[in-house]
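Me: I would like a close look at a single part of this protein and at what surrounds that part. Please take me through the contacts one after another, in connected prose.

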Amino acid sequence: MHLGIKQSFSGSVGDYLLSLASLGQFFLTALQNFLIDSGICSEELAGTLRVLGSAILVLISIYWIIRRKVLMFIGCYSILIILFFLSSAMNIENLEYILSDGVRITFCTVVPVFLSFISVCNIHIFYRTALFVSLATSVIGLLYLYYSLSDMLPAKDVYNMSIGYSLLFPSLFLYFTKRPFFIFIAILLFIVIFLEGSRGPLIPIACYILFQKLIGSSFKNNFLFLFVLLFSISTIINFQSFFIDLFEKMNLHSRTFALLISGEVSGDSGRGDIYNLMISKLFENPYWGYGVFGDRTLGDGSYCHNIFLEIMLDFGCFVPVLFILVFGALLVVILPKLEKSELIFFVLLSLSSILPLCLSGSYLTDFKFPLFLGYVYILRKKYMPIKVGVWQSNN
């Protein structure tokens with residue numbers, strides 16, 4: 001991203017549209033979950049609205065992507081088509097998932113998010129759009145909580161994993177702004193995630209708050225923060241019966257809180273069985289893997305709930321290990337050069353995309369993962385530009 005460069009009006013409009021296309025999935029996912037769980041509309045209609053919204057985001061960004069990153073556009077889709085073809089040739093059963101999730105989500109949502117993000121020229125416009133999207137998504141999250149407190153959620157006794165993850169980036173970004181009002185909204189979203197979502201988002205939330213606090217405060221403030229945190233945790237543990245009664249009076253049925261109180265927070269919800277199956281299949285074919293979406297074929301439609309295991313199942317052990325080594329070396333060179341705000345935002349994207357994929361979701365269908373890859377690409381361009389003679393690559 002080219003900081004400090006003046007843009008024309010049309011260029012600024014392009015950045016706003018590209019930023020919206022990069023981030024709009026958070027709002028659409030939260031809206032879809034709210035519409036379904038509140039009973040406002042059927043699951044089919046909510047899904048249709050989500051698809052329509054995604055299509056609009058892609059359509060408004062495609063012109064600017066091709067105008068600014070045509071080589072990346074051609075390259076990304078060429079590689080994806082080749083991977084789909086080879087995976088189908090390796091295992092014809094993969095074709096079912098390629099034609100459904102691969103075309104509908106990876107091709108039409110995940111790749112456009114990545115291309116839209118790297119096509120933005122002004123980071124400040126991206127941040128302003130992220131703030132707008134985060135606040136809009138916050139409205140959905142708070143409505144979700146209101147409906148829950150008002151006993152208007154038909155499925156209130158069943159936790160919603162998706163709502164928690166859709167609110168994760170908006171809540172962390174609002175906290176990232178360091179503005180008191182936005183931090184207050186972020187804390188409300190943390191509460192919504194804790195009460196209505198799964199345990200997964202709590203880990204990146206805790207890690208991010210701790211990281212931002214430690215990197216941006218004095219020793220005295222850090223000590224006070226840790227003291228308050230430990231005091232709060234001990235209070236909840238020692239007065240658990242009071243909090244349970246309070247939750248029941250407020251019509252709150254938090255699965256996360258119940259697990260914390262019961263001491264069953266380490267339960268893997270069946271992931272252990274999936275991991276054992278996938279690892280055994282990996283040992284049977286460790287060199288070439290099973291192609292993209294291969295874990296779905298092996299698991300009767302279920303993904304393996306771990307990004308590293310999923311990548312090795314798709315491509316074998318050697319290619320992913322080589323990629324991780326190169327990627328790690330790239331980060332070793334880049335991270336020490338980052339400005340403080342860039343480092344914090346890098347950690348934010350890492351925690352809100354990579355860490356959740358270690359527990360749930362799939363890198364092939366998760367719209368947060370391309371945001372992380374896009375930011376790494378942007379940082380590489382800024383701090384490690386590729387030069388050929390006097391020409392500097394824009395792609």
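Reply: What follows is a walk around helix α4, its two helix partners and the core to which it contributes.

The model is a predicted one, and the part chosen here, helix α4, covers residues 123-149. One partner is helix α6, residues 168-176, which packs against α4 at an angle of about 125°, the two axes being 9 Å apart. An angle of that size lies outside the ranges for roughly parallel, antiparallel and perpendicular pairs, which makes α4 oblique to α6. The crossing of α4 past α6 is left-handed. On the α4 side the contact is made by Y127, A130, L131, S134, L135, T137 and S138, and on the α6 side by F169, P170, F173, L174 and F176. Sorted by class, the residues of this contact are nine nonpolar and three polar, with no charged residue.

The partner α6 deserves a moment of its own. Nine of its nine residues are buried, so α6 is largely enclosed by the rest of the structure. Those buried residues are L168, F169, P170, S171, L172, F173, L174, Y175 and F176. After α6 comes K178, which has a positive phi, near 65°.

Another partner of α4 is helix α7, residues 180-196, where the axes come within 10 Å and cross at roughly 45°. That angle makes α4 oblique to α7, and the crossing of these two helices is left-handed. Here L131, L135, S138, G141, L142, Y144, L145 and S148 of α4 meet F182, I185, L188, L189, V192, L195 and E196 of α7. By class, this contact holds eleven nonpolar, three polar and one charged residues. L131, L135 and S138 of α4 take part in the contact with α6 and also appear in the contact with α7. Their spacing along the chain fits a general rule: an α-helix has 3.6 residues a turn, so residues three or four places apart point the same way.

Beyond these pairs lies the largest nonpolar core, which has 86 residues, and in which L115, Y208 and F345 touch the most other members. Helix α4 supplies the largest share of this core, ten residues. Leaving aside residues up to four places away in sequence, Y208 touches L172, Y175, F176, I344, V347, L348 and L351. Among these neighbours of Y208, L172, Y175 and F176 are buried residues of α6. A second core, separate from the one just described, consists of eight residues, including I274, Y290, L298 and C304.

Note on methods. Residues are numbered from 1 along each chain as its sequence is written. This is a predicted model: local features need pLDDT of at least 70, side-chain atom pairs count only at pLDDT 80 or more; totals for chains, interfaces and linings use all residues. Side-chain values use heavy atoms; hydrogens and water are left out. Axes are lines fitted to C-alpha atoms, for helices over the stretch in contact, and angles run from 0 to 180 degrees between N-to-C directions. Helices (H or I, at least four residues) and strands (E, at least two) are DSSP runs, numbered from the N terminus. Angles under 35 degrees count as roughly parallel, over 145 as roughly antiparallel, 65 to 115 as roughly perpendicular and the rest as oblique. A crossing is left-handed if the near helix is turned anticlockwise from the far one by less than a right angle, and right-handed if clockwise. Contact means heavy atoms within 4.5 Å. Ala, Val, Leu, Ile, Met, Phe, Trp, Tyr, Cys and Pro count as nonpolar, Asp, Glu, Lys and Arg as charged, and the others, Gly among them, as polar. A nonpolar core is a set of buried Ala, Val, Leu, Ile, Met, Phe, Trp, Tyr and Cys residues joined through side-chain atoms within 4.5 Å. Buried means under 20% relative accessible area, exposed over 50%, partly exposed in between (1.4 Å probe, protein chains only).
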